Amino acid sequence: MKTIACVACKRRKVRCDSSKQVPCSNCVRYGKHCIASDDRRSLRPTYQELETLRERVKQLERHVQELNSDVLIQREEVMQEASPVYPKPRSFQSLYRHKVNIYGPPSIFDEDGEDGEREGENLDDEEGGDGAENNMKKRKMDMYKNERLGYLGENVDTISDCSSERSISKRNNLSKIVLVSPVNKLNKDPKVIQFVKTFFQWFYPDLHMFIPRETFLVEFYHPRREQVYCNIALVYAICAIAGGGDGYYEVARKQMEKPSSAVIGIQGNILLGLYELRKGDRRKAWLSVGLGLRIGLESGFHLKLERANKLMVLFRSRIYWGCFIIDHLMSFLLGRPPMLRIEESSIEESEKVPDLEWIKEFNFAGKGILDVSATLRAIVSLIIIVDEWILGRCEDVELINGHLQRWRNELSEEMQWDEGKLKSKAYHPPDVVHIMYYYMVFIGINRLYGEGEFLDNAINEGVLVIQTHIEAHGIMRCTLLMHCLARTILKVRPGHSLCVGILEERVPNTGADHDAGVNALSSIGVGRGGGGWW
């Protein structure tokens, strides 16, 4: 029989002979007080007890999964009522039933649709399920279907915040969980819907590529209890940019103070910063964009995901590289260091997102689905060249211009342009996003080295893009990137009437003299204060 060592021998992990003599020989040798230790071997659980505990854990896990399934089923019912105009993508239910972790709407990956809606199927036939348990589950489904599920303001208990709260009311000894979102009210407001359409038709992609259009629209028309890509703050920020103005901006600013997902924290703050940038408030713009980027860095959105499905990688990379462009744009224009660096980014490049059937309504002039990823990749590669100059790694302007020309030559055939094609491309704003960004950085770099033929040509072509857009679509449809290009041109051509007109949002008078243009510039704050490009 094994003996129990004394406390001192246990601590020193040496053999003890306390069963033969007390004190033991070790305690006598080292002058320690020999204290017998308790025999705890009898307290160890037996193998049968461990097996019982394991089985109990499995039962509890199955019970939790069933409860989650009931919640998801009711969520589907709410989503079906949310938008009769834009149908819910088919693969929502199948992915929920298979307990897939969803980072974005799985709708756009409904390649086979083999599971379908599966409404009315016999739940007793589910694989691995118990008949009695599944019958109970079916009865709960019927109970939920018979209950009246409403939106905000109807005769049910509602959730006041769309983040993660739950309202539970007990009636007739039955617990009813009502899952609603305040977005359900906004997606029925004609004015809000028109602003959302205007945003995606006229101001997308522009500098808003960090908002995956597909994820936002799915959650806008089919809200869930825990919104990841759309909430009130994001909707109002989009409305402000699309023409709603300061009223929507103030509401969005207040709503951003409430808890939300990291994705909404990133997108919402950057949208507010871009609105402030367009209004000319550089300090607020820098702070808002910086806050959104810090939220992203803390969530690790710049790092490669080791275990992630294709859907998660697609949308996360779109968000990160869109933010990367915004960060370096602010750095270039305001003369401040960027937060996101290419050498610290391990996430994959952005790729094309599969199409949604009804998304054509949210494209410019109702044209085909726009491949935002191609534009995004082109601008990121352009930023890498510009960073060589900004960070002082290459100070030879001729070498930088050579890199910029090679960038133009390496573009795909659809994205390349020359002076002859420029005007026709300018009629379609999504086609000139990378072109305007190119002229902005080219003019911004070369203006420091004096006048030249290449600089004059770049200014004339940049003005041609802006002028063509205004003539075709009006000055109120000018994008934020056009504002940035106009401000950059004004650093070289102060008082340029077209550029001043864009910043004042009025049709420019081409006959205005230079002094009138300079006075207009001073009235809107161009050329005043601080360093940087503006």
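**Exercise 1. State how many cavities of 30 Å³ or more a search of the whole structure finds, and give the volume of the largest.**

Step 1. The search of this predicted model returns seven cavities at that cut-off. A cavity is a set of points, on a 1 Å grid over the protein atoms alone, where a 1.4 Å probe fits but cannot get out.

Step 2. The largest cavity has a volume of about 70 Å³, a volume being the space filled by probe spheres set on points joined across faces, edges and corners.

**Exercise 2. Describe the lining of the largest cavity by residue, element and domain.**

Step 1. Lining residues have an atom within 4 Å of a point; here they are His328, Ser331, Phe332, Ile383, Val386, Asp387, Ile390, Tyr437, Met440 and Val441.

Step 2. Two or more of these residues come from each of α13 (310-334), α14 (372-390) and α17 (433-446), helices being DSSP runs of H or I with at least four residues. With four residues, α14 gives the most.

Step 3. Domain 2 (182-362) and domain 3 (372-504) each supply at least three lining residues; the domain bounds come from an automatic or database assignment.

**Exercise 3. Find where the model's confidence falls below 50.**

Step 1. The chain averages a pLDDT (the predictor's confidence in each residue, from 0 to 100) of 75, and 70% of the residues score at least 70.

Step 2. Residues 87-130 have pLDDT below 50, with 83 contacts (heavy atoms within 4.5 Å) beyond near neighbours in sequence. Residues 509-534 are also below 50, with 45 such contacts.

Step 3. Where pLDDT is low, predicted coordinates should not be read in detail.

**Notes.** Residues are numbered from 1 along each chain as its sequence is written, and side-chain values use heavy atoms, leaving out hydrogens and water. Local features need pLDDT of at least 70 and side-chain atom pairs 80 or more, while totals for chains, interfaces and linings use all residues.

Definitions and conventions:
On a 1 Å grid over the protein atoms alone, a cavity is a set of points where a 1.4 Å probe fits but cannot get out, and a pocket is an open set with protein on both sides within 12 Å along at least five of seven lines; lining residues have an atom within 4 Å of a point.
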